[in-house]
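Please read the following points with the structure open beside you. They concern the ligand and the space around it.

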Amino acid sequence: MYYNSINNKLNIKNFINIFLKNIPKDKSLYFPFIIKKFNKIYINSLKKLNYLNFSFNIINKFINCISEEEIFLLLKNSYNKFYDKNIINFYNLENNSYLLNLNNGPTLTFKDIALQPLGIFLNFISKIINKKIIIFCATSGDTGSSAINSFKNYENIKLIIFHPFNMISNIQRKQMTTIIRKNIFNISILGNFDFTQYIIKNIFENIKKHKNYLFISVNSINWFRIILQTVYYCYSSLKLYTNKLINYYIPSGNFGNATSAFIAKKLGFPIGKIIVCNNDNNYLDNFFKKSLLLNKKLKSTISPAIDISIPSNFKRIFNKKKIKKKYINFYNNFFYSDTILNKTIINSIEYFFNIYKKIYDPHTITSITSFFNNNINNNNNIKFIVSTSYPIKFFYSIKKIIPNIKINLNIKNIFLLKEKYKIFNQNFKIIINYIKKII
Ligand SMILES: *Cc1c(COP(=O)(O)O)cnc(C)c1O
């Protein structure tokens, strides 16, 4: 499979090129030259495979320059630290509806499903090309700890992570800053997640090329993450498919996870509607419902991982210049959207605890609430409600709503460990100078 820049169709690259350089010169993103539907017989033949073999069969189609044996081995090593040997699992909520749990990885978030292989593949490639790799990452919470877990043991990889000060949960911060290694650097910015993303987008042209190092980003602008996530949509849709398509409710921030679902649909898997669930930061909902591209000021909420004002994967699928009613109507065949306001998120967490004795994290609750409120019932498709994190990571926010919840001992230990991180103002120049010193 070949790729091109979405702004320049003539800029054609292979997988390793785009894996090692996330952003083309024109500052847009890379996308497959063409996404072909798999044929039905091929899709059916995948039905009986376990997650690892299934994943190999999808991923292999997107990589054109690593041997099949190698791809399989790298994937196998990626998933051996998962708490559930099936990698993902789901259980019935009611009737035709299921909660899809993607959080069985070492840092208890769906992000592990993509970031574990990312570390292993990068380490492999770094040895082949004989260069060290310096990775930049902005995190609104879960990407950071997942990336650290994936990269911490590789000497030839250095990881520099930016998080917005006080805008992620205490536990999320400690999951990152208590892992003290020579190759891990945590940087806290007195600003919001948008500014940390700004740093990532602009850092590459501010640091000199180096013959022994490669600089890359592992944010959701990284294409490999998108296809690694596509796998669980292909896999889970096939598991439940008999004759009804499957709808997915997805808590959405940067739109990476929902983009993955859309690609799974384009590949021919039995996916119906993708319901994009926003909190107060509802760029996507305004786009799908009102055809508006609003540049609203970021609002900080109880669900920080989806506090994103302009989702960076938006342009992978949509062309801002073409935004007209007809264009959006076409995409409404694939996507629905919803906004769950902060107040409602808080009420819902309380409601599900009081009525069902269930505690959901403040992101998963957006998809749950959307499902119970709207239950997009114009079709009787099967529904998957996507769970993106565990409540324990948001213990303090949830404790304010449900005062008598108890803490799990594993996480408690984190509080005894020493933290290491640097704090900076929103000053790009000063930050760049610091980066130059540590790389
Ligand atoms: C990253 C994250 C999301 C948002 O995923 P996107 O791909 O950015 O839309 C949702 N929930 C949690 C818990 C996350 O960590």
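1. In this predicted model, a backbone N or O atom of Asn257 lies 2.8 Å from an oxygen atom of the ligand, a polar contact in the sense of a pair of N or O atoms within 3.5 Å. Gly253 likewise places a backbone N or O atom 2.8 Å from a ligand oxygen, whereas for Lys111 it is an N or O atom of the side chain that is found 2.5 Å from an oxygen atom of the ligand. Of the 390 Å² of accessible area that the ligand has on its own, the protein covers 96% (Shrake-Rupley method, 1.4 Å probe).

2. The model being predicted, local features need pLDDT of at least 70 and side-chain atom pairs count only at pLDDT 80 or more, while totals for chains, interfaces and linings use all residues. Residues are numbered from 1 along each chain as its sequence is written, and side-chain values use heavy atoms, with hydrogens and water left out.

3. The ligand is surrounded by 15 residues, the closest being Lys111, Gly253, Asn254, Asn257 and Thr388 (near means a heavy atom within 4 Å). By class, this shell holds 5 nonpolar, 8 polar and 2 charged residues, with Gly counted as polar.

4. Where does the ligand sit? It occupies the largest cavity, given that more than half of its atoms must lie within 2 Å of the grid points; a cavity is a set of points on a 1 Å grid over the protein atoms alone where a 1.4 Å probe fits but cannot get out. This cavity has a volume of about 300 Å³, and 27 residues line it, with Phe110, Lys111, Gly253, Asn254 and Ala305 nearest its centre. Helix H6 (142–151), helix H9 (223–240) and helix H10 (256–266) each give two or more residues to the lining.

Terms used. Polar contact = N/O pair within 3.5 Å; in protein donor to acceptor, adjacent residues only side chain to side chain. 1 Å grid on protein atoms, 1.4 Å probe; cavity = no way out; pocket = protein on both sides within 12 Å on 5 of 7 lines; lining within 4 Å. Points joined across faces, edges and corners; volume = space filled by probe spheres on them. Helix = DSSP H or I, 4+ residues; strand = E, 2+ residues; numbered from the N terminus.
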